Amino acid sequence: MNAYDVLHVIGFRTFMRRLYRVEVIDGDRIPLDGPCILTPNHESIFDPFILAVATTRPIHFMTKAELFRFRPVAAVLRSLGTFPVERGSGDRTAMSEAARWLDRGEVLCVFPQGTSRQLVRKWHRGAARLALVTGAPLVPIRMTGTRNWPLRKRVRIEVGEPIFVTPAKPSVVAARDLTRRLEDASFA
């Protein structure tokens with residue numbers, strides 16, 4: 001039994017949905033099986049916990065490496081299928097691990113905006129590069145109401161139409177164009 005199984009047994013998703021009146025719009029756009037890359041906006045450190053109510057599938061998150069420096073935190077994160085990424089470095093180890101999860105048909109979450117600490121954030125190309133390499137569809141997601149979480153008690157998760165990607169060389173131009181499409185779809 002993994003950590004996701006435990007959370008399911010104790011009713012975590014139902015609890016979070018009720019407590020924060022989480023409304024999931026078009027959650028059926030998240031594929032029931034096969035690989036996909038969820039690409040939500042990032043407003044709060046709590047976003048991954050809220051996003052977990054959008055699907056019953058386990059979500060594997062790329063998480064900033066700084067959180068893995070504390071062994072107890074790292075152990076919990078690993079038990080949830082989370083893995084570290086050195087932000088801003090083109091971390092090949094993290095990208096390889098992400099590709100392995102997708103090759104296994106799993107759900108991966110990449111926050112294209114990176115950190116949740118800045119108000120204005122540039123979208124990074126990592127999710128697009130992974131989609132180009134693996135052919136996994138990108139699923140744009142817009143979350144609202146998490147910035148002031150847990151004070152705000154109404155959260156909305158809007159799932160956009162998946163962007164299907166034909167595997168191709170992940171050139172800078174191709175990744176930039178796909179990232180622009182993803183950003184437009186997330187905030188349309």
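A contact here means heavy atoms within 4.5 Å. With the whole chain selected, consider that residues 24 or more positions apart account for 69% of the contacts with a separation of 6 or more. The model is predicted: local features need pLDDT of at least 70, side-chain atom pairs count only at pLDDT 80 or more, and totals for chains, interfaces and linings use all residues. Residues are numbered from 1 along each chain as its sequence is written, and side-chain values use heavy atoms, with hydrogens and water left out.

**The whole chain**

Keep the full chain in view and show its C-alpha atoms, which fill a box of roughly 45 × 40 × 35 Å along the principal axes. The radius of gyration, taken over C-alpha atoms, is 16 Å, in agreement with the value near 16 Å for a compact globule of 188 residues; the globule rule is 2.2 Å times the number of residues to the power 0.38. Switch next to a surface representation: the accessible surface (Shrake-Rupley method, 1.4 Å probe) comes to about 10300 Å², of which 55% belongs to carbon and sulfur atoms. Of the 188 residues, 46% count as buried, that is, under 20% relative accessible area with a 1.4 Å probe and protein chains only.

**Secondary structure**

Change to a cartoon. The chain has seven helices and seven strands, assigned as DSSP runs (helices H or I, at least four residues; strands E, at least two) and numbered from the N terminus. Along the sequence they follow the pattern α-α-β-β-α-β-α-β-α-β-α-β-β-α.

**Helix α2**

Select residues 12–19, which form α2; Phe12, Arg13 and Met16 are buried there. These three residues lie on the same side of α2, because they cover an arc of only 95 degrees around the axis, the arc being that of the directions from the helix axis to the C-beta atoms. In general, an α-helix has 3.6 residues a turn, so residues three or four places apart point the same way. Add α1 (3–9), β1 (22–25) and α3 (47–51) to the selection, since the buried residues of α2 pack against these elements. Then move to Arg21, which follows α2 and has a positive phi, near 45 degrees.

**The cysteines**

Finally, select Cys36 and Cys109. The structure holds zero disulfides, a disulfide being a pair of cysteine sulfur atoms within 2.5 Å. The sulfur of Cys36 is 9.8 Å from its closest cysteine sulfur, in Cys109, too far for a bond. Cys36 is buried at 0% relative accessibility, and Cys109 is buried with a relative accessible area of 0%.

Definitions and conventions
Buried < 20%, exposed > 50% of the residue type's maximum accessible area, 1.4 Å probe, protein only.
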